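Q: Please pick one part of this model and look at it closely. Then set it against the rest, so I can see how it sits.

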Amino acid sequence: LWVEDDVDELIIGGVTVHSRLITGSGKYHDDRIIPEVLAAAECDIITVALRRIDFNRPSESILNNIPKGKILLPNTSGARTAEEAIRSARLSRAMGCGNWIKIEVINDQKYLLPDNSETIQATEVLAKEGFIVLPYMYPDLIAARRMVEAGAAAIMPLGAPIGTNRGLLTKDFIAMLIEEIDLPVIVDAGIGRPSHAAAAMEMGAAAVLLNTAIATSDDPVAMARAFKLAVQAGRTAYCAGCAAESSEAHASSPLTGFLDN
Amino acid sequence: MTATIMLNGKSISPDAAKTIGQLLGEHAIDPSHVVVEVNRALVSRENFDRFPIRDGDVIEVLRFVGGG
C-alpha cells in the first residue's frame, strides 16, 4: 500500500489537492501573519466566514491576506437551520471565489455541536446547485451515509467540540466513518496538537482541518510547520501500514547466541 | 423624501446615495470584496451601480472575515 508522496493526492469533488492540512483563518491576533502561516503549513485550502460589514468601522477584507491560488472554503457559521445555511452558501458563492462550501449548522451554544439533520438537508440542496459541499458533522455513521446520498464531496466529523483542543474524543466513531464511507473523511474541530493530527492521519483520515491550535499558539508560523510535518508523518505511517499491537512482549533482538555466564 | 432603509440591521437614511454602488462609495467600501442582498434577493456586483435604493429596503452587505 506504500504510496510515494508525489502521487498520494487527495481528490475532493473532482479537484486534486496536494496538502492534507486545511487551516482556518479565524482568531489571529493580526491577520497579516496569515500568508506566512499558510506558507509554513503548505496548505491548499483555507476556510473563511461570511459576516455583515460594520459601516461605522469597516475592517479590511480577509481576502487581502489570503494569497492567490488557494482554494477558499467559506463556512456557513452562524446558521441555525438548513435554510440559513443555504442562504449563507449562496451569498458566499456570489463573492466570486469559487463554489466550495463548508456547511456548519449549529443551534447548541454551549458545545457548538452541529445539527446533522439540518446539515443533511442543506447538503442535498446545495449539491444540486453545483456546490462542492463539505458538511461539518457529529460522527454518526447513519447521518454520514445520508450525507453521501445527498451529494457531499467529503465528510467532516468533529474530533472534539470547536476550539477545545481536546483531540480525538470521538476516535472510535471516526474510525467507523473511515471504514464505511467511500468519500474523503476530514477530521474537523478539536485538534489541538500536532500529535492529534498525526493520530487522525494514522487512522486513515484523508485530511484534517484546524484553526484554533495554530492561530492561538505562541508562534503560529512555527505551529503551522509542526502541523504540516505531523500530517505528513501520520499519512506516511498510514500508507506504510502500522505494525500490529500485541498484549505480550516480542523481543526485537535475537533470542539465541547469548554470552555464556 | 429621504429614503429610510434597514442596513445590516440598523435603520438609516443615506445622505445622498441613490444606488447600491453609491451607498458603498459613501463608506469607501471596495465593491469587489462584498456581496449585497436587497429584500432577501441577491444583487449581482455588475448591477450595483444601477440598482436603486428605495424607501423601506432591507439591505445586507457582507464580506469574508477570518473563520474556521
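**Chain B and the spot it touches**

A: Let's start with chain B: with 68 residues, a compact globule would have a radius of gyration near 11 Å, and the 12 Å of chain B agrees with that. The radius is taken over C-alpha atoms, and the globule rule is 2.2 Å times the number of residues to the power 0.38. Before going on, some ground rules: this is a predicted model, where local features need pLDDT of at least 70 and side-chain atom pairs count only at pLDDT 80 or more, while totals for chains, interfaces and linings use all residues. Residues are numbered from 1 along each chain as its sequence is written, chains are lettered from A and ligands numbered from 1 in the order in which they are written, and side-chain values use heavy atoms, with hydrogens and water left out.

Back to chain B. It has one helix and five strands, and from the N terminus the order is β-β-α-β-β-β. Those elements are DSSP runs, numbered from the N terminus: helices are H or I with at least four residues, strands are E with at least two. Along the principal axes, the C-alpha atoms fill a box of roughly 45 × 25 × 20 Å. Of the 68 residues, 44% are buried, where buried means under 20% relative accessible area, exposed means over 50%, and partly exposed is in between (1.4 Å probe, protein chains only). Among contacts in chain B between residues at least 6 apart in sequence, 53% join residues at least 24 apart; a contact means heavy atoms within 4.5 Å.

The outside of chain B comes to about 3600 Å² of accessible surface, with 51% belonging to carbon and sulfur atoms. Accessible areas come from the Shrake-Rupley method with a 1.4 Å probe, and for residues only the protein chains shown count as cover. As for charge, chain B has 7 positive and 9 negative charges, and the mean positions of the two are 3 Å apart. Lys and Arg count as positive, Asp and Glu as negative, and His and the chain ends are not counted; each charge is placed at NZ of Lys, CZ of Arg, CG of Asp or CD of Glu.

Now for the partner. Chain A has eight helices and ten strands, and its C-alpha trace spans about 85 × 40 × 40 Å along the principal axes. With 261 residues, a compact globule would have a radius of gyration near 18 Å, and chain A, at 20 Å, agrees. Buried residues make up 50% of chain A. Of its contacts with a separation of 6 or more, 65% are between residues 24 or more positions apart. Chain A carries 23 positive and 33 negative side chains, and the centres of the two sets lie 9 Å apart.

So how do the two chains meet? The size of an interface is often given as the accessible area lost when the parts come together. Here the area buried between chain A and chain B is about 2600 Å², with carbon and sulfur atoms giving 60%; that is the accessible area (1.4 Å probe) the two parts lose on being put together, summed over both. On the chain A side, Arg52(A), Phe55(A) and Met95(A) lose the most area to chain B, together 30% of what that side buries. In residue terms, 31 residues of chain A are in contact with 22 residues of chain B.

The close-up I'd pick is Ser25(A), in the loop between β3 (21-24) and α1 (34-41) of chain A. Ser25(A) counts as buried because its relative accessible area is 1%. Leaving aside neighbours within four places in sequence, its contacts include Val65(B), Gly66(B) and Gly67(B) from chain B. From chain A, Ser25(A) is in contact with Asp31(A), Ile34(A), Ile46(A), Thr47(A), Val48(A), Ile62(A) and Asn211(A). Lys70(A) is 45 residues away in sequence, with its C-alpha 12 Å from that of Ser25(A).

Two other loops of chain A are worth a look for their backbone. Most residues other than glycine have a negative phi. Asn165(A), in the loop between β8 (156-157) and α5 (171-180), has a positive phi near 60°. Asn165(A) is partly exposed, at 31% relative accessible area. Ala189(A) has a positive phi too, near 85°, and lies in the loop between β9 (186-188) and α6 (194-203). With a relative accessible area of 8%, Ala189(A) is buried.
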